[in-house]
Amino acid sequence: MVEKLRLMAVHAHPDDESSKGAATMARYVAEGHEVMVVTCTGGEAGSILNPAMDRPEVLADMSGVRRAEMARAAEILGVQHRWLGFVDSGLPEGDPLPPLPEGCFALVPLEESTPPLVEVIREFRPHVIVTYDENGGYPHPDHIRCHEVSIAAFDAAGDPERYPDRGEPWQPLKLYYSHGFSRAKLTAFHEALIAEGEESPYAEWLAGWDKDKPDVIERVTTRVECADYFPVRDEALKAHATQIDPESRWFAVPLEMQRSVWPTEEYELARSLVDSTVPEDDLFAGVRERVSA
């Protein structure tokens, strides 16, 4: 009998869950564990990145379309899902950067945005939480705020004196940052494609990478083998049709090449209240022993 464990992934926008750690989640669902995705905003400010979806009726109801896309992706991954209900901040562009829109997620004080996540944590009672690092994975204001809210909620959820009206206290045992986009990974795929005589879509991206900046792969503590679930991940990605062009570089590397070159998804263990030795190959390392004890 497999002890049922619970994993929560906290993301900024719909589609983030499918581009960051989706195969890991699908694996744990297949193994009989419970997984919940929490999405902080509705993604209302997202641009249409798939030309096939650039239609007036889609633009007129971006909020509704993105909610439907998220529901479909959750169904494909087999995960539970909750919205926190905050407003997408958008990605400011320009020099100088324009101000963020009033009332958006990134500007909501932490004392207001933390309690709703604490409530969901106390309801679902995850053993492990996954979110972004302090840079948000990339410096989108909602991703950075998602990190901040996740840390605050992880620390508060088990404290009976914090937010007593938000449910019975529950202390998650581990907190991870997901690290999906490393220079090492892109280089491995680029070189594998070139070796096979294929065109690589990563050459320009890699050429523009700041070589003086440390590769995030150096922070990775945990690699989860999940290549069997890459097809599920891709189907979940495609469910976010406004954001994911099926002809884009998301799908440039054949699945069999991905399986042989880079069959894992990567994480950084940021907090742990259980004994586990890094490097790890399981987000529940140390948790399984605690729960079954």
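Analyst: Two strands pair if DSSP finds at least two bridges between them; strands are DSSP E runs of at least two residues and helices H or I runs of at least four, numbered from the N terminus. This is a predicted model: local features need pLDDT of at least 70 and side-chain atom pairs 80 or more, while totals for chains, interfaces and linings use all residues. Residues are numbered from 1 along each chain as written, and side-chain values use heavy atoms, without hydrogens and water.

User: Happy to start with the sheet! In what order do its 7 strands lie?

Analyst: The sheet is open and its pairing is mixed. S3 and S6 (222-225) are the edge strands, each pairing on one side only. Read across, the order is S3-S2-S1-S4-S5-S7-S6.

User: Which residue in S7 is the bridge partner of tyrosine 176?

Analyst: S5 and S7 (residues 264-272) run antiparallel and are joined by 5 bridges. Opposite tyrosine 176, the partner in S7 is leucine 269.

User: And which residue of S4 is the bridge partner of leucine 7?

Analyst: Leucine 7 has a partner on S2 too, where valine 35 stands opposite; S1 and S2 run parallel, with 6 bridges. S1 also pairs in the parallel sense with S4 (residues 128-131), over 3 bridges. In S4, the partner of leucine 7 is valine 128.

User: How many of the residues of S1 are buried?

Analyst: Buried means under 20% relative accessible area with a 1.4 Å probe, counting protein chains only. Arg6, Met8 and Val10 point one way from S1, and Leu7, Ala9 and His11 point the other way. The strand is mostly covered, and the buried count is 6 of 6.

User: Which element gives the largest share of the largest nonpolar core?

Analyst: Such a core joins buried Ala, Val, Leu, Ile, Met, Phe, Trp, Tyr and Cys through side-chain atoms within 4.5 Å. This one has 28 residues, and Met8, Leu117 and Ile121 have the most contacts inside it. S1 (6-11), S2 (34-41), S3 (80-86), H5 (110-124), H6 (141-156) and S5 (174-178) each supply at least two of its residues. The largest share, 6 residues, comes from H6.

User: Nice. How are H5 and H6 set to each other: oblique or roughly parallel?

Analyst: Their axes, lines fitted to C-alpha atoms over the stretch in contact, come within 8 Å and cross at roughly 60°. Angles under 35 degrees count as roughly parallel, 65 to 115 as roughly perpendicular, over 145 as roughly antiparallel and the rest as oblique. Therefore H5 is, relative to H6, oblique.

How values were computed
Buried means under 20% relative accessible area, exposed over 50%, partly exposed in between (1.4 Å probe, protein chains only). Axes are lines fitted to C-alpha atoms, for helices over the stretch in contact, and angles run from 0 to 180 degrees between N-to-C directions.
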